[in-house]
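Good morning, everyone, and thank you for making the time. I would like to walk you through one chain, starting with its overall contacts and ending with a single residue.

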Amino acid sequence: MVVPSSTVALVALFLFGVVLVIWCVEVFIEAVARSAVSLGLSGFFLAVVLAGIDLENAVLGVAAAFVSLPDLALGTVFGESLFVLAVALGLAGLLVPFRTAVPRAYLLMLVLVPLPAFALSLDGRLTPLEGAGLLVLFVPLLAYIFRRERRTETTFLLSAEVQEAVPLEGGAEPRPETPDGGDLTAPESDGQTAADGWDLDLDEFVPAFEDRSGLFNLGVAALAVVGMTIGSGITVVSAEGLFLALGISGLAFGATVLSFIASLEELALTVEPVRRNRPELAVGNVIGSTVFYVTANVGIVAAVHPIETGGDVLTIHWPFLGVCLLVATAMLARGRVGRVGGLLLCGLYAAYWVANYL
């Protein structure tokens with residue numbers, strides 16, 4: 001691929017690649033959901049599974065690892081994890097302070113699930129075998145989440161894309177109530193908020209496939225995979241040109257610029273449910289995404305290419321991720337995410353950017 005030398009052209013190519021990946025992922029999910037349901041697969045199962053998998057990040061990470069840029073891929077893992085924990089959850093608290101009751105099992109999962117990847121990183125390198133182990137670890141975690149979501153009244157993880165594409169046999173769930181009969185999940189404000197009208201995804205540009213056959217939809221999904229491959233290649237190559245031109249590391253660029261742009265949809269997936277009085281779905285998005293990032297996502301990157309995990313990974317990225325995890329978990333355990341907590345989380349994310357460029 002011929003890479004332009006102009007910084008402006010590189011930026012344009014980079015943004016085009018990211019948008020192409022995100023759009024193709026939306027098309028892929030729509031087509032796969034409709035095809036799978038037409039073949040008899042549970043819509044609820046798809047909604048839970050796809051809520052716990054960030055395909056955009058996985059595709060970009062694999063593409064970066066494939067062209068021997070594992071640092072860029074690892075940067076996106078940390079950057080998107082921190083974006084979801086700090087920016088998405090923090091802005092939700094700032095714009096629409098809310099209360100919710102999170103199951104203790106999910107809180108423990110949020111705190112403990114990064115430990116295997118952290119422990120394996122301490123020797124300074126994640127090998128393909130260790131990456132495969134992290135990838136395998138994601139399977140029982142996802143199975144547990146699905147089993148719990150299936151059996152409990154309040155659903156925390158449901159893919160918004162799948163909910164829009166296919167009917168779910170697991171119906172709406174009642175709100176948990178406080179001992180005095182109040183709604184435990186209601187936002188603290190009933191009026192219009194700054195979050196009203198947010199729509200940061202590309203759903204309106206995705207064609208509808210409800211009248212198509214399962215085989216046709218599978219073909220569309222296959223074409224979407226081709227599009228994701230092309231888009232991720234364009235993104236990674238232009239990203240390399242950018243961080244070399246700017247004189248920064250691939251790790252820092254992936255953790256900040258690339259992950260920020262690729263994660264903007266997470267704002268809609270977190271703020272919108274809170275605004276619509278469904279904060280449990282916002283919390284579920286944070287938990288599901290975090291579990292995926294620190295197991296399957298980093299695992300598949302390491303399985304494709306070994307990752308160096310010394311230096312800044314241990315002194316900047318893991319410490320910031322750990323602090324954000326503890327702060328976010330403490331707020332969720334208390335059952336309230338408010339403006340002060342939201343400001344603290346957003347401040348931690350801003351400090352993370354500064355630390356990457358010092």
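Let me begin with the contacts in this predicted model: if we take those between residues at least 6 apart in sequence, 85% of them join residues at least 24 apart. As for secondary structure, you can see 14 helices and four strands in the chain.

Turning to the surface, the chain exposes about 14800 Å², and 67% of that area is supplied by carbon and sulfur atoms. Of the 358 residues in the chain, 54% are buried.

That brings me to the interior, where the largest nonpolar core has 97 residues, and the members that touch the most other members are Leu72, Leu85, Val102, Phe253, Val298, Leu321 and Tyr352. Helix H4, which covers residues 70-95, gives the most to this core, contributing 15 residues.

Which residues is leucine 72 in contact with, once its neighbours within four places in sequence are left aside? Its partners there are Ala64, Val236, Ala239, Phe243, Gly250, Leu251, Phe253, Gly254 and Leu258; one of these, Phe253, also appears among the core members that touch the most others.

Finally, I would like to look at threonine 290, which lies in helix H12, residues 279-304. Is this threonine 290 buried or exposed? Its relative accessible area is 0%, so threonine 290 counts as buried, the cut-off being under 20%. Not counting residues up to four places away in sequence, threonine 290 touches Leu85, Leu110 and Leu325, and Leu85 is one of the core residues I listed a moment ago.

Terms used: Residues are numbered from 1 along each chain as its sequence is written. This is a predicted model: local features need pLDDT of at least 70, side-chain atom pairs count only at pLDDT 80 or more; totals for chains, interfaces and linings use all residues. Side-chain values use heavy atoms; hydrogens and water are left out. Helices (H or I, at least four residues) and strands (E, at least two) are DSSP runs, numbered from the N terminus. Buried means under 20% relative accessible area, exposed over 50%, partly exposed in between (1.4 Å probe, protein chains only). Contact means heavy atoms within 4.5 Å. Accessible areas come from the Shrake-Rupley method with a 1.4 Å probe; for residues, only the protein chains shown count as cover. A nonpolar core is a set of buried Ala, Val, Leu, Ile, Met, Phe, Trp, Tyr and Cys residues joined through side-chain atoms within 4.5 Å.
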